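Reader: I am in my first year and would like a close look at a single part of this protein, the sheet and what lies around it. Could you take me through that part slowly, with each term explained as it comes up?

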Amino acid sequence: MATLIKAFAAQFLGLALAILLASLAPGLLHGTVRLALLQATAAAACAYLLRQPPWWLPIHLLFLPTALALLSLQLPSGVYLAITLLLALVFWGTVKGDVPLFLSSSAAADAVARIIERENAENFADLGAGIGSLAIPLARCHPLLAIDAVELAPLPWLITALRCRKLANIQARRASFWHCGLNAYDVVFAFLSPAVMLKLSEKISRDMRSGSLFISSSFPIPDWQPESVITLADRRKTRLYCYRIT
Ligand SMILES: C[S@@+](CC[C@H](N)C(=O)[O-])C[C@H]1O[C@@H](n2cnc3c(N)ncnc32)[C@H](O)[C@@H]1O
């Protein structure tokens with residue numbers, strides 16, 4: 001929730017700064033568009049100073065200019081409500097805890113499938129499963145692997161649940177992974193955000209069995225030594241950090 005408070009603070013500080021500058025230099029900053037651009041720049045700068053993650057900067061830069069552009073279209077007010085609800089349903093994880101929705105590539109799913117084979121794993125969890133981009137191909141590739149796809153955001157969870165309804169070995173659970181035990185799994189996968197890796201490492205140490213494997217896509221755990229790091233040949237050159245639990 002601190003994330004949202006910082007985002008609102010950055011927007012309001014940006015607005016206050018823009019109004020202040022407009023009153024100090026009325027000739028220079030005359031006009032709604034210039035004022036909106038100034039507010040957007042000031043809001044992004046405030047977000048940086050408030051140490052919001054870098055992906056918030058384009059959101060701050062685009063927020064007011066986009067809102068003004070949409071207002072000029074004079075759309076029915078229900079459209080705004082529908083867009084807001086849709087975004088909230090998809091980006092629930094961002095609002096509640098600093099983790100946006102990005103999708104794993106098929107190369108990541110293939111690489112994890114190979115790890116599962118090598119590990120002889122029977123139970124697997126995807127913490128923050130999104131729309132099942134990794135968990136569903138894995139379920140198809142390993143029909144005997146029992147998979148828990150844990151997702152908090154309502155819409156991605158629903159999409160995963162619908163996509164896996166014909167697969168017997170995968171369960172789409174609508175839950176926060178912070179409230180799930182991890183003791184039952186041979187391999188746990190997460191593709192989250194640097195903001196949560198430290199807290200997650202504490203949960204992993206507490207919950208995961210000795211000998212099991214934790215795979216973090218893209219974001220290493222600070223100060224932990226991975227057993228191996230696999231670099232994939234996908235667009236993002238994704239790295240899979242594999243940690244053996246001792
Ligand atoms: C970067 S996406 C990864 C999606 C998927 N694992 C993949 O690899 O394609 C992270 C997902 O974690 C979800 N998420 C964030 N916090 C969560 C939480 N506390 N519990 C469950 N899911 C969460 C977000 O909603 C988002 O869908």
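**A close look at the sheet**

Author: Leu127 stands opposite Val150 in β2, and this is a good place to begin. Before going on, please keep in mind that this is a predicted model, in which local features need pLDDT of at least 70 and side-chain atom pairs count only at pLDDT 80 or more, while totals for chains, interfaces and linings use all residues. Residues are numbered from 1 along each chain as its sequence is written, and side-chain values use heavy atoms, with hydrogens and water left out.

Strand β1, residues 123-127, pairs with strand β2, residues 146-151, in the parallel sense over five bridges. Here strands (E, at least two residues) and helices (H or I, at least four residues) are DSSP runs numbered from the N terminus, and two strands pair if DSSP finds at least two bridges between them. In general, strands of a sheet pair through backbone hydrogen bonds, either parallel or antiparallel.

The open sheet has seven strands in the order β3-β2-β1-β4-β5-β7-β6, and the pairing is mixed. Its edge strands, each pairing on one side only, are β3 (170-174) and β6 (228-231). On average, neighbouring strands of this sheet are turned by 20 degrees against each other, direction ignored; axes are lines fitted to C-alpha atoms, for helices over the stretch in contact, and angles run from 0 to 180 degrees between N-to-C directions.

Helix α6, residues 106-119, lies across β1, β4 (187-190), β5 (213-217), β6 and β7 (239-244), and runs at about 170 degrees to β5. Helix α9, residues 197-207, also packs on the sheet, where this helix touches β1, β4 and β5, and its direction makes about 170 degrees with that of β5. Contact means heavy atoms within 4.5 Å.

His142 is found in the loop between α7 (135-141) and β2. If we leave aside its neighbours within four places in sequence, His142 is in contact with Ala113, Ile116, Glu117 and Asn169. His142 counts as buried because its relative accessible area is 14%, where buried means under 20%, exposed over 50% and partly exposed in between, with a 1.4 Å probe and protein chains only.

Finally, we come to the ligand. A backbone N or O atom of Gly128 lies 2.7 Å from a nitrogen atom of the ligand, and a polar backbone atom of Phe177 is 3.0 Å from a nitrogen atom of the ligand. In the side chain of Ser176, an N or O atom is 3.1 Å from a nitrogen atom of the ligand.

How values were computed: A polar contact is a pair of N or O atoms within 3.5 Å; within protein, one must be able to donate a hydrogen and the other to accept it, and residues adjacent in sequence count only if both atoms are side-chain atoms.
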